[in-house]
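Good morning, everyone, and thank you for making room for this on the agenda. Please have the sequence and the structure open in front of you while I talk, and stop me if you lose your place.

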Amino acid sequence: QVQLVESGGGLVQAGGSLRLSCTVSGRTFSNLIMGWFRQAPGKEREFVAAIMWNAGMTYYTDSEKGRFTISRDNAKSTVFLQMNSLKSEDTAVYYCAAGYGVLPRSPKSYNYWGQGTQVTVSS
């Protein structure tokens, strides 16, 4: 069983920055994919970014690439999502996810989900 604990959400003005954290425990990190997804009110959950824990390969959507950065700290078993130049359309609940699938952008690759953290960007 994998446990995920998220933190770092909050209220920020447009153009500002936030860093989300997700601490992982409970299972081996070998072949683990860590991802961030988000869900805005009335919308489906969508992929934001992912990282392969061992190889460090990262994945983004075109809209977040250059603004968001996913990274990991092996010693702290923590994955980060640094979000810069935030826009009002980034407002959503952000979820950390972990899994062993082969498609980092698909929710089906993830077996474990955090509780979510609210990010609100005011314009």
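Let me begin with confidence, which in this chain is lowest in strand E1, at a mean of 94, and highest in strand E2, residues 10–13, at 98. I should say at once that this is a predicted model, and that the chain averages a pLDDT of 93, with 98% of the residues scoring at least 70.

Let us stay with E1 for a moment. In a regular strand the side chains alternate between the two faces of the sheet. Along E1 you can follow this residue by residue, for Leu4 and Glu6 point to one face and are buried, whereas Gln3, Val5 and Ser7 point to the other face and are not buried. E1 runs antiparallel to strand E3, residues 18–25, and 5 bridges join the two; if you look for the partner of Leu4 in that pairing, you will find Val24 in E3.

Now please find Glu6, which sits in E1, the strand that covers residues 3–7. Which side chain of opposite charge is nearest to Glu6, and how far away is it? The answer is Arg45, at 8.0 Å, and Glu6, although buried, has no salt bridge. What the side chain of Glu6 does reach is backbone: one of its polar atoms lies 2.4 Å from the backbone nitrogen of Cys96, and the side chain also comes to 2.4 Å from the backbone nitrogen of Gly116. If we set aside the neighbours within four places in sequence, the contacts of Glu6 include Ser21, Cys22, Trp36 and Tyr94, and also Gly114, Gln115 and Thr117.

From a charged residue without a salt bridge, I would like to turn to one that has them. Arg38 belongs to strand E4, residues 33–39, and it counts as buried because its relative accessibility is 8%, which is under the 20% limit. The side chains of Arg38 and Glu46 meet in a salt bridge, with 2.6 Å from N to O, and Glu46 itself is partly exposed, at 37% relative accessibility. A second salt bridge joins Arg38 to Glu64, at 3.0 Å from N to O. This pair links distant parts of the chain, since Glu64 lies in the loop between E6 and E7 while Arg38 lies in E4, 26 residues apart. Both Glu64 and Arg38 are buried.

Glu64 has a further partner, for its side chain meets that of Arg67 in a salt bridge of 3.9 Å, again N to O. Through shared partners, the salt bridges join Arg38, Glu46, Glu64, Arg67 and Asp90 into one network. As for burial within that network, Arg67 has a relative accessible area of 11% and is buried, and Glu64 is buried as well, at 2%. The count of salt bridges comes to 5. Arg38 also makes a polar contact of 2.9 Å with the side chain of Tyr94, and the residues it touches, not counting those up to four places away in sequence, include Val48, Phe68, Ala92 and Val93.

Let us move on to a hairpin. Strand E7, residues 68–73, and strand E8, residues 78–83, run antiparallel and are joined by 6 bridges, and within this pairing Ser71 stands opposite Phe80. There are 4 residues between the two strands, and one residue in the turn, Ser77, has a positive phi of about 50 degrees although it is not a glycine. Is Ser77 buried or exposed? It is buried, because its relative accessible area is 16% and the limit is 20%.

You can set Ser77 beside Ser85, which lies in the loop between E8 and strand E9. Phi of Ser85 is also positive, near 50 degrees, and this residue too is not a glycine, but Ser85 counts as partly exposed, at 42% relative accessibility.

One last stop is Thr58, in strand E6, residues 58–60, which is partly exposed with a relative accessible area of 35%. Thr58 and Met34 are 24 residues apart along the chain, and their C-alpha atoms are separated by 9.6 Å. Leaving out residues up to four places away in sequence, Thr58 touches Ala50, Ile51 and Ile70.

That is my tour, and I am happy to go back to any of these places with you.

Note on methods: Residues are numbered from 1 along each chain as its sequence is written. This is a predicted model: local features need pLDDT of at least 70, side-chain atom pairs count only at pLDDT 80 or more; totals for chains, interfaces and linings use all residues. Side-chain values use heavy atoms; hydrogens and water are left out. Buried means under 20% relative accessible area, exposed over 50%, partly exposed in between (1.4 Å probe, protein chains only). Lys and Arg count as positive and Asp and Glu as negative; His and the chain ends are not counted. A salt bridge is a side-chain nitrogen of Lys or Arg within 4 Å of a carboxyl oxygen of Asp or Glu. A polar contact is a pair of N or O atoms within 3.5 Å; within protein, one must be able to donate a hydrogen and the other to accept it, and residues adjacent in sequence count only if both atoms are side-chain atoms. Contact means heavy atoms within 4.5 Å. Two strands pair if DSSP finds at least two bridges between them. pLDDT is the predictor's confidence in each residue, from 0 to 100.
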